[in-house]
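Biologist: I have a predicted model open and would like a close look at a single part of it. Please start with one loop residue and its backbone, then work outward from there.

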Amino acid sequence: MSETKASKKYEFKAEVKKLLDILVHSLYTSREIFLRELISNASDALDKLRFESTRGSEYADKDLPLEIKIDFDEKKKTLTITDTGIGMSRDEVISNIGTIAKSGTEEFVKLIGEAKGDASNIIGKFGVGFYSVFMVAKDVVIRTKSFRVEEPAVEWKSDGLGDYEITEIEEKINRGTSVEIHLKDDAEEFVQKWKLEGAIKKHSNFITFPIYLGKDKVNTISAVWREPKSSVKKEQYDEFYKFLSYDNESPMDVIHKSVDAPIQFNALLFIPKKSSEFFWYDRENYGLDLYVRRVLIQHKNKDLLPEYMSFIKGVVDSEDLPLNISRETLQENVVFSKIASSVTSNVLSFLQEKANNDAAAYIEFWKEHGRVFKLGYTDFMNHEKYSELIRFNTSACKDEKELASLAEYVSRMKEGQKEIYYIVGANRDALAIDPHLEIFRNKGIEVLYLYDPVDELVIQSLRKYKDYELKSVDSADMKKLNEYKNLEEKKSDFDPMSKDDEKQFSSLLLKMKKILGERVEDVIESKRLVDSPSCLVSKDDSMSAQMKKIMKMTNQNVGVDKKIFEVNQNHKLVRNLVKVFKKNPEDEFIAAVTEQLFDSALLQEGSLEDPHKLILRLTQTLEKSSEWYTSLNNL
Ligand code: ADP
Ligand code: MG
């Protein structure tokens with residue numbers, strides 16, 4: 001160890017200490033992944049060097065081969081991982097190794113803290129980085145020399161407890177980094193060749209630089225995505241996917257494309273079996289790896305696929321991009337944009353085929369990834385394809401689990417039906433008693449059930465499917481609906497109103513309108529209600545109540561959108577109200593009932609802002625009915 005220049009001690013940052021504490025004290029399973037992490041860092045360092053060299057930068061030790069070496073000493077119980085990559089300067093060591101920059105790592109600390117002892121699954125999926133070495137090391141010495149010729153080499157030393165020490169190295173060492181691990185007593189298995197070889201083959205087989213274990217090369221280094229589809233076995237795909245995603249399950253689907261014209265590229269994409277449990281925490285952690293002629297240009301590129309496909313993992317490699325392309329200008333590159341849109345359409349076509357060939361498998365996909373995929377309503381370029389791929393629960397489904405496509409809806413439409421109807425609600429049970437659906441049920445017209453607030457955004461942005469307009473049930477045209485026959489002619493419990501009662505009823509509606517005043521557009525007789533006394537409906541084309549709520553939440557000015565209050569003539573309550581009205585049009589009971597019905601309608605569509613009046617009235621009504629009840633029963 002060089003002691004000519006004074007060493008300097010530094011303390012680890014608090015979050016690093018926390019991570020180290022967890023890694024060292026509570027993880028005893030999957031410890032071998034420390035090797036995956038160190039090899040992946042070595043490989044990243046080599047990728048970065050290759051990237052610099054393709055851009056023509058000057059760099060030290062030009063003749064060194066790009067490779068990773070793993071040496072072990074059974075007597076001394078040491079293990080050393082050496083790469084000829086980009087290396088680090090003193091400042092880079094301090095900022096890269098002394099702090100945690102990745103947001104995912106913080107999330108890891110949180111999740112692993114929650115998982116208590118059983119963290120093997122979490123640790124397998126996360127890239128936990130350099131510090132995982134302290135699961136097996138009692139001391140670690142890093143020696144590194146930056147690719148920049150003038151930078152001196154440095155040594156970093158730590159026992160992973162509280163601090164680390166940095167010393168400048170005076171003698172000449174080669175470009176790159178070596179990590180020397182002094183194994184803990186209980187981790188001595190990692191000086192056994194078979195153990196190391198097994199771990200490398202399992203986790204690092206697809207690293208694109210040769211890995212030497214002692215003198216033997218142990219990884220396969222093949223660019224699977226460049227091989228003809230017919231020659232790749234399922235096991236190879238699975239293995240590559242696991243390597244790429246840190247998933248321990250095989251993928252749900254593999255999409256392997258080789259395109260030659262007009263632009264050459266290879267894409268190997270995977271749809272995971274499970275939607276990532278970290279997805280909503282870790283929104284930045286997605287994207288495809290972009291290669292140009294097998295040289296990695298960017299990890300997790302976010303422009304090759306739109307965000308609504310961010311659950312997809314994989315690799316894209318093109319011959320037609322320049323090797324020295326800069327990541328910053330990728331998006332402006334025409335060839336790159338064409339590749340990106342072609343990759344996107346390939347995914348959409350794949351999904352369409354999947355839906356056509358195996359509807360059940362497609363539903364599995366939808367249940368797992370639909371929540372993210374749905375957000376594709378913003379992809380206007382692909383609206384048509386997208387609209388074939390979305391799924392809804394509908395009134396024609398036998399339960400809440402069954403789903404239908406818009407195409408299926410259309411195939412079940414009534415003759416002459418020009419609209420696709422939808423309703424927004426919390427769940428199937430809530431919609432079952434929604435008065436707006438009564439007429440649709442009677443006529444046997446299917447209605448899409450929208451449970452997720454995003455669903456309505458989807459509908460609003462599509463507006464149409466083929467030639468069919470998407471229409472909310474509360475703005476449906478009653479005249480059109482009433483042209484369809486009822487499924488069964490239900491005999492009304494009521495005789496038709498007499499001429500005089502009809503007149504009284506009309507006056508009652510006027511009275512109700514006066515009571516509700518500015519709050520409604522109009523009060524009219526309902527042609528749609530069967531079992532409910534009243535409901536609120538929209539003027540044609542106005543926003544649904546749910547939509548307004550979303551807009552309000554995002555602070556958008558929605559204005560007042562007055563609705564029409566419909567009253568069902570053939571309802572016991574309304575018939576009784578006519579009787580009261582006939583005797584005394586000014587009876588207070590009329591106002592109380594009108595207010596209550598109006599508030600109930602608001603409550604049902606989720607737009608009652610202050611329930612206290614409704615509750616007060618309800619209590620008063622119950623009080624009265626209790627008197628009626630007690631006297632009826634002679635109590
Ligand atoms: P990550 O690899 O996700 O960035 P790590 O904890 O594994 O997180 O590594 C932290 C940083 O340390 C890397 O981003 C890199 O800058 C630096 N580093 C680690 N190992 C090497 C290496 N072998 N050569 C050069 N730099 C390295
Ligand atoms: Mg790393």
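**A loop residue and its surroundings**

Modeller: Start with Asp61, which counts as partly exposed at 21% relative accessibility. The cut-off for buried is under 20%, and exposed begins over 50%, so a value of 21% falls in between. Keep in mind that this is a predicted model.

Asp61 sits in the loop between helix H2 (33–54) and S2. Its backbone deserves attention. Asp61 is not a glycine, yet it has a positive phi of about 50°. Most residues other than glycine have a negative phi, and most peptide bonds are trans.

Move along the chain to the next loop. Strand S2 covers 68–73, and Lys76 lies in the loop between S2 and S3. Lys76 is exposed, at 63% relative accessibility. In sequence, Lys76 and His182 are 106 residues apart; in space their C-alpha atoms are 8.0 Å apart.

Strand S3 follows, running over residues 78–83, and Thr78 belongs to it. Thr78 has a relative accessible area of 11%, so it counts as buried. What does Thr78 touch, leaving aside neighbours within four places in sequence? Its contacts are Asp71, Phe72, Asp73, Ile181, His182 and Val191. So His182 appears twice here: as a contact of Thr78 and as the residue 8.0 Å from Lys76, C-alpha to C-alpha.

Now compare other places with unusual backbone. Asn634 is also a residue other than glycine with a positive phi, near 50°. It is found in the segment after helix H20 (612–632). Asn634 is exposed, with a relative accessible area of 70%. Arg463 is another positive-phi residue, at about 65°, just after H14. Helix H14 itself spans residues 453–462. Its buried residues are Asp455, Glu456, Val458, Ile459, Ser461 and Leu462.

The peptide bond between Ala261 and Pro262 is cis, with omega about 0°. Pro262 is placed in the loop between strand S10 (253–259) and strand S11 (265–271).

Loops can also hold buried residues. Gln569 lies in the loop between strand S22 (563–567) and helix H18 (572–583). Its relative accessibility is 8%, so it counts as buried. Not counting residues up to four places away in sequence, Gln569 touches Met497, Glu502, Phe505, Glu525, Val574 and Arg575.

Then the cysteines. Cys397 is buried at 4% relative accessibility. Cys535 is buried too, with a relative accessible area of 1%. The disulfide count comes to zero.

Step back to the whole chain. It has 20 helices and 22 strands. Its radius of gyration is 34 Å, well over the 26 Å that the globule rule gives for 635 residues, so the chain is more spread out than a compact globule. The C-alpha atoms fill a box of roughly 110 × 60 × 40 Å along the principal axes.

Of the 635 residues, 49% count as buried. Take the contacts between residues at least 6 apart in sequence: 72% of them join residues at least 24 apart. The accessible surface comes to about 32200 Å², and 51% of that belongs to carbon and sulfur atoms. Last, the charges. The chain has 96 positive and 110 negative ones, and their mean positions are 2 Å apart.

Technical notes. Residues numbered from 1 in each chain as written. Chains lettered and ligands numbered in written order. Predicted model: local features only at pLDDT ≥ 70, side-chain atom pairs only at ≥ 80, totals over all residues. Heavy atoms only, no water. Helix = DSSP H or I, 4+ residues; strand = E, 2+ residues; numbered from the N terminus. Rg over C-alpha atoms; globule rule 2.2 N^0.38 Å. Buried < 20%, exposed > 50% of the residue type's maximum accessible area, 1.4 Å probe, protein only. Contact = heavy atoms within 4.5 Å. Areas by Shrake-Rupley, 256 points an atom, 1.4 Å probe, with all protein chains shown as cover. Lys, Arg positive; Asp, Glu negative; His and termini not counted. Charge placed at Lys NZ, Arg CZ, Asp CG, Glu CD. Disulfide = S-S within 2.5 Å.
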